[in-house]
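Here is a short note to help you find your way around. Please keep the sequence and the 3D view open as you read the numbered points.

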Protein chains: 2
Amino acid sequence: MSLSSLALPHIARLHAYTPGLQPTGPGWVKLNTNECPYPPSPRVAEALRREIGDDGGSLRLYPNPRSAPLRTVVASLHGLGGENVCIGNGSDDILNLLIRAFCTQDAATGFTLPSYSLYPVLVEIQDGRSNAIEFDRSMRLPVERIAASPARAFFLTSPNAPTGVGFSNAELERVLAAFRGLLVVDEAYAPFADENAIPLLTRHPNLVVVRSLSKAYALAGLRVGYALAQPEIIGLLDRVRDSYNVNRLSQVAALAALGDQAYYDGVIARVKATRDRGAADLAQRRGWFTYPSQANFIFTEPRNGRGEAGPAVAKAAYDFLFARKVLVRHFPSHALTAPFLRLSVGTDAEMRVLSDLFDAWLKTPAPNA
Amino acid sequence: MSLSSLALPHIARLHAYTPGLQPTGPGWVKLNTNECPYPPSPRVAEALRREIGDDGGSLRLYPNPRSAPLRTVVASLHGLGGENVCIGNGSDDILNLLIRAFCTQDAATGFTLPSYSLYPVLVEIQDGRSNAIEFDRSMRLPVERIAASPARAFFLTSPNAPTGVGFSNAELERVLAAFRGLLVVDEAYAPFADENAIPLLTRHPNLVVVRSLSKAYALAGLRVGYALAQPEIIGLLDRVRDSYNVNRLSQVAALAALGDQAYYDGVIARVKATRDRGAADLAQRRGWFTYPSQANFIFTEPRNGRGEAGPAVAKAAYDFLFARKVLVRHFPSHALTAPFLRLSVGTDAEMRVLSDLFDAWLKTPAPNA
């Protein structure tokens with residue numbers, strides 16, 4: 001008996017999503033998965049220590065199954081009601097719930113290419129049908145094509161990944177006015193952007209906004225994200241959601257983090273300042289094509305010492321950095337991303353290490369592409 | 001536009017799983033969701049404090065995407081290889097992954113009735129087909145009927161919930177010898193039992209054993225469970241699994257807990273001693289029909305002051321306890337469970353409170369059924 005033959009045929013054929021490397025050894029400068037370079041609010045560690053207490057006694061009890069206190073705080077943060085909020089084990093959990101509720105073979109699930117590479121993986125796990133809309137090199141939002149998409153649900157990362165390009169609410173409203181399905185705006189990076197889609201929720205019942213505490217709130221390790229939407233959609237997600245999807249400590253940490261907006265305003269301002277200096281250095285001093293970033297990363301097209309760009313050059317730069325324990329991200333599988341590297345915004349010191357290594361790479365006499 | 005009409009039809013019709021009540025106010029004696037009455041190993045709080053450090057700095061980083069160190073420790077605990085282990089965000093996550101990989105409209109998914117009420121909910125979320133096999137009041141394993149089930153995957157809780165009845169490896173092997181599908185033995189309560197199915201894994205490639213750290217390890221609040229199976233099955237689960245399903249602190253806590261077996265041997269011995277005294281008291285002194293329990297709960301059929309039993313009597317006892325802030329569990333939806341209450345084993349002090357309240361209930365002059 002083949003065990004795989006017992007599995008659903010599309011599952012037996014699946015390839016797993018490849019997350020960014022999470023090195024376990026010391027000494028790495030980690031600019032590959034868009035984590036926050038600064039620790040979370042000091043209130044997070046305090047709240048966790050309080051919850052753990054002397055003996056961790058509260059950990060023996062199940063968490064609040066609806067993350068109810070967290071729903072209330074998220075709602076009030078965005079001027080919404082608790083009935084507009086669903087909390088996930090990371091925003092990936094929310095994306096998965098949306099796919100399970102809205103994705104089918106009968107009606108396609110839409111997304112742009114390039115964007116967050118998890119969407120097509122989730123569609124495949126669901127044995128759904130994809131409707132991919134390609135960007136061109138301008139990376140401007142293809143408003144008319146999305147609006148005319150036959151998709152029942154369309155996933156749009158804004159600001160987009162891995163480019164960092166932000167889409168305006170004016171553009172999103174043009175999509176929302178014409179699109180007949182559910183528009184999921186994945187705002188993992190919105191705290192670093194000029195604008196976000198939350199004000200559109202009251203006017204557009206077919207809008208879902210997804211947020212993460214992994215980036216701006218420096219809590220990637222604790223897996224908390226959320227959906228904002230009409231109560232009818234939240235109700236659907238709750239029916240598919242695991243009863244205890246968010247553990248006690250993650251709920252406690254998220255509550256503490258969301259309660260300290262002043263701290264995070266400072267963190268976000270620092271990340272944006274470092275980002276803007278870094279992007280200007282790449283674009284102006286080095287002359288590398290670099291998209292204007294509204295996120296906490298920079299998408300740039302490296303040019304080698306001979307002035308050449310392209311997938312092989314980007315790969316050579318990636319390998320050069322990797323050999324020196326600096327991790328960035330290269331996406332070779334799409335023509336629009338293959339000549340680029342995505343650089344997460346680190347501390348100023350980390351960005352100097354990166355910049356110095358790019359200088360060293362440019363001076364390498366050996367073939368570097 | 002109706003938003004629900006955009007959802008998959010079976011999702012729009014779903015009813016959510018109802019978890020046990022998790023009261024947030026003080027003063028409750030909580031014997032309703034089979035949590036451990038004792039705190040986790042002291043090493044858990046220590047390890048968590050170490051990971052959090054001064055400023056929670058490590059929380060900004062994603063967790064190990066495969067929970068790799070935890071796989072290694074779980075494997076060595078059970079004399080298996082790391083390739084035999086998949087870690088879940090609670091064992092419910094594992095059950096859900098199994099459903100997504102093996103459950104379809106074309107081939108039924110099997111389970112017994114009564115058993116863990118999440119199985120049919122997960123099958124419905126997947127829009128699958130169920131093959132339910134009914135116990136009779138003996139609660140003995142219907143070996144022949146399971147062996148002959150057309151199910152592609154069969155979920156068996158052992159010891160069973162909510163009865164606490166354990167099934168022997170001899171019985172399980174009779175099922176495994178004949179059953180053509182995947183047999184998932186859900187061993188959430190196995191640490192309290194005389195026997196477990198893990199030794200059968202090497203002989204039966206179609207066996208999956210599921211474990212939880214919520215009960216015996218006192219970590220319900222942190223959501224950690226795991227599957228033990230052939231590498232081929234683990235590979236399927238990993239392809240469906242969310243990349244970062246288990247957060248940093250849960251991984252750290254689980255590692256610390258699994259490293260302190262001596263502590264948990266003591267906890268399990270205490271829970272079993274309290275259970276056996278409690279069950280004897282109910283069965284012998286009160287004369288209430290009570291299944292022999294191999295779990296950390298007792299399933300008993302209350303008789304009121306007039307010697308009557310039945311669904312209304314059980315409900316009356318439940319309500320009497322609830323009004324006095326003692327929470328137990330009543331499952332009115334199945335004829336075999338409706339006359340019973342499930343009592344999680346608490347501390348000896350909690351069990352005395354419960355016993356005293358049963359005495360008071362029996363003396364109530366008002367109609368108590």
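1. At 31% relative accessibility, does B:Asp127 count as buried, partly exposed or exposed? B:Asp127 counts as partly exposed, since a residue is called buried under 20% and exposed over 50%. You will find B:Asp127 in the loop that runs between helix H5 (118-125) and strand E4 (130-134) of chain B. Its backbone is worth a look too: B:Asp127 has a positive phi of about 60°, although it is not a glycine. Please keep in mind throughout that this is a predicted model.

2. A second residue makes a good companion to that one. A:Arg223 is not a glycine either, and it has a positive phi of about 60°. A:Arg223 sits in the loop between strand E7 (207-212) and strand E8 (225-228) of chain A. With 2% relative accessibility, A:Arg223 counts as buried, whereas B:Asp127 is partly exposed. As background, most residues other than glycine have a negative phi, and most peptide bonds are trans.

3. That background also helps with two prolines of chain B. The peptide bond between B:Ser158 and B:Pro159 is cis, with omega about -5°. Another cis bond leads from B:Ala161 to B:Pro162, where omega is near 0°. B:Pro159 belongs to the loop between strand E5 (153-157) and helix H7 (169-178) of chain B, and B:Pro162 is also found in the loop between E5 and H7 of chain B.

4. Now step back to chain A as a whole. Chain A contains 12 helices and 12 strands. Its C-alpha trace spans about 60 × 55 × 55 Å along the principal axes. Is its radius of gyration in agreement or disagreement with that of a compact globule? For 369 residues such a globule would have a radius of gyration near 21 Å, and chain A has 21 Å, so the two agree.

5. Some totals for chain A fill in the picture. Of its 369 residues, 63% are buried. Among contacts with a separation of 6 or more, 72% are between residues 24 or more positions apart. Chain A exposes about 13,100 Å², and carbon and sulfur atoms supply 54% of that area. As for charge, the mean positions of the 38 positive and 34 negative charges lie 2 Å apart.

6. A good place to zoom in is an open sheet of three strands in chain A, with the order E9-E10-E12 and antiparallel pairing. Strands E9 and E12 of chain A stand at the edges with a single partner strand each, so one side of each has no neighbour in the sheet. E9(A), residues 289-290, pairs with E10(A) over two bridges, and a hairpin of six residues joins E9(A) to E10(A). Here A:Phe289 stands opposite A:Glu301. On the other pairing, four bridges join E10(A) to E12(A), residues 341-344. Among the partners there, A:Ile298 is matched with A:Leu343 and A:Thr300 with A:Leu341.

7. Why is strand E10 (residues 297-301) of chain A described as largely enclosed by the rest of the structure? Five of its five residues are buried, so the description follows. Both faces of E10(A) are covered, with A:Phe297, A:Phe299 and A:Glu301 on one side and A:Ile298 and A:Thr300 on the other.

8. Chain B has an open sheet of three strands as well, in the order E9-E10-E12 with antiparallel pairing. E9(B) and E10(B) pair over two bridges, and B:Thr290 stands opposite B:Thr300. For a view of the surroundings, try B:Arg275 in helix H10 (residues 261-285) of chain B. B:Arg275 has 5% relative accessibility and counts as buried; the residues it touches include B:Phe192, B:Phe297, B:Ile298 and B:Val345.

9. Finally, have a look at strand E8 (residues 225-228) of chain B. Its two faces are covered, with B:Gly225 and B:Ala227 buried on one side and B:Tyr226 and B:Leu228 buried on the other. Strand E2 (residues 85-88) of chain B pairs with E8(B) in the antiparallel sense over four bridges, and B:Val85 stands opposite B:Leu228. Strand E7 (residues 207-212) of chain B also pairs with E8(B), antiparallel and over four bridges; there, B:Ala227 is the bridge partner of B:Val210.

Technical notes
Residues are numbered from 1 along each chain as its sequence is written. Chains are lettered from A and ligands numbered from 1 in the order in which they are written. This is a predicted model: local features need pLDDT of at least 70, side-chain atom pairs count only at pLDDT 80 or more; totals for chains, interfaces and linings use all residues. Side-chain values use heavy atoms; hydrogens and water are left out. Two strands pair if DSSP finds at least two bridges between them. The radius of gyration is taken over C-alpha atoms; the globule rule is 2.2 Å times the number of residues to the power 0.38. Buried means under 20% relative accessible area, exposed over 50%, partly exposed in between (1.4 Å probe, protein chains only). Contact means heavy atoms within 4.5 Å. Accessible areas come from the Shrake-Rupley method with a 1.4 Å probe; for residues, only the protein chains shown count as cover. Lys and Arg count as positive and Asp and Glu as negative; His and the chain ends are not counted. The place of a charge is taken as NZ of Lys, CZ of Arg, CG of Asp or CD of Glu. Lists of a residue's contacts leave out its neighbours within four places in sequence.
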